[in-house]
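Reader: I'd like to go through this one with you and ask where the labels come from. Can you show me the model to begin with?

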Amino acid sequence: VLPSHNPTMRIPTHLLLIVCLHLPTLSSFTVESPREIMGSYRHQSAVFGIQPTLDYPIEARGNIVWISPRDACEPIMNANISGNIALIDQGTCVFERKAFMAQEVNASAVIIVFNDNQLKIMMPAENKNVWGGPDPGHSIINPYFPNVHIPVIGITREIGDILKDHLWYQQVRVQWIEDQYQTRFDLDLEGNASPLSPFKSTGP
């Protein structure tokens, strides 16, 4: 039986601490199915694409489709991508191009699989062409950077391989939430004072 309301009651400090410690965090990448790989994994959000605000976190949830061509540097051929999440290899073009190509075929979000097991801060490709080569005439890649309006994150090759291994015979469903608060792997948009600052990348 719950005690009647008493304005003089005080909750012990240690109980308040327990409640605070168990609040859910708003920065996670979770595999919801299949059962054998369910769990949370490390990831890194991109500097471009739709960004969270203090009032509106960004959430993505859906089935993964492994894109063809694998690096999405050319137009995407998958017939079943609309409304699903595009899984894209890092490949040979800048990150914004990949995300833009996925958005063009109505992907709901993008997961980029890095070439190695190092998380990277995916940066705008300043003064580079779409293949990552020098191009001083393009301060920011156009039209890709300003026109990507879907969530984009990156994961390590190891995690990407796990997802791909299961895509051959069943659906893989994932979910993630991003907010504007700092975490260990998602600090400020420029990576300042971040453990990932040495690992900024534009793509190729």
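Author: Here are the salt bridges, then burial, then the nonpolar cores. This is a predicted model, where local features need pLDDT of at least 70, side-chain atom pairs count only at pLDDT 80 or more, and totals for chains, interfaces and linings use all residues. Residues are numbered from 1 along each chain as its sequence is written, and side-chain values use heavy atoms, with hydrogens and water left out.

Reader: What makes R61 and E32 a salt bridge?

Author: A salt bridge needs a side-chain nitrogen of Lys or Arg within 4 Å of a carboxyl oxygen of Asp or Glu. For R61 and E32 the N to O distance is 3.0 Å, so the pair qualifies. R61 sits in strand β4 (residues 58-66) and E32 in strand β1 (residues 27-33), 29 residues apart. Helices (H or I, at least four residues) and strands (E, at least two) are DSSP runs, numbered from the N terminus.

Reader: Why is R61 called partly exposed?

Author: Buried means under 20% relative accessible area, exposed means over 50%, and partly exposed is in between (1.4 Å probe, protein chains only). R61 comes out at 40%, so partly exposed it is. E32, with 27%, gets that label too.

Reader: How do you know that K120 is buried?

Author: Its relative accessible area is 11%, and the cut-off for buried is under 20%. K120 also forms a salt bridge with D116, with the closest N and O atoms 2.6 Å apart. D116 is partly exposed, at 34%.

Reader: What about K164 and D89, which meet in a salt bridge?

Author: Their N to O distance is 2.6 Å. K164 lies in helix α3 (residues 157-167) and D89 in strand β5 (residues 85-89), so this pair ties together parts 75 residues apart in sequence. Both K164 and D89 are buried. The full count is five salt bridges.

Reader: And what makes a group of residues a nonpolar core?

Author: The members must be buried Ala, Val, Leu, Ile, Met, Phe, Trp, Tyr or Cys, joined through side-chain atoms within 4.5 Å. The largest one here has 23 residues, and F48, A86, V110, M122 and V152 touch the most other members. Helix α2 (95-104), strand β5 and strand β6 (109-113) each supply at least two residues, with α2 giving the most, five. Another core lies apart from it, with 19 residues, including L87 and I153.
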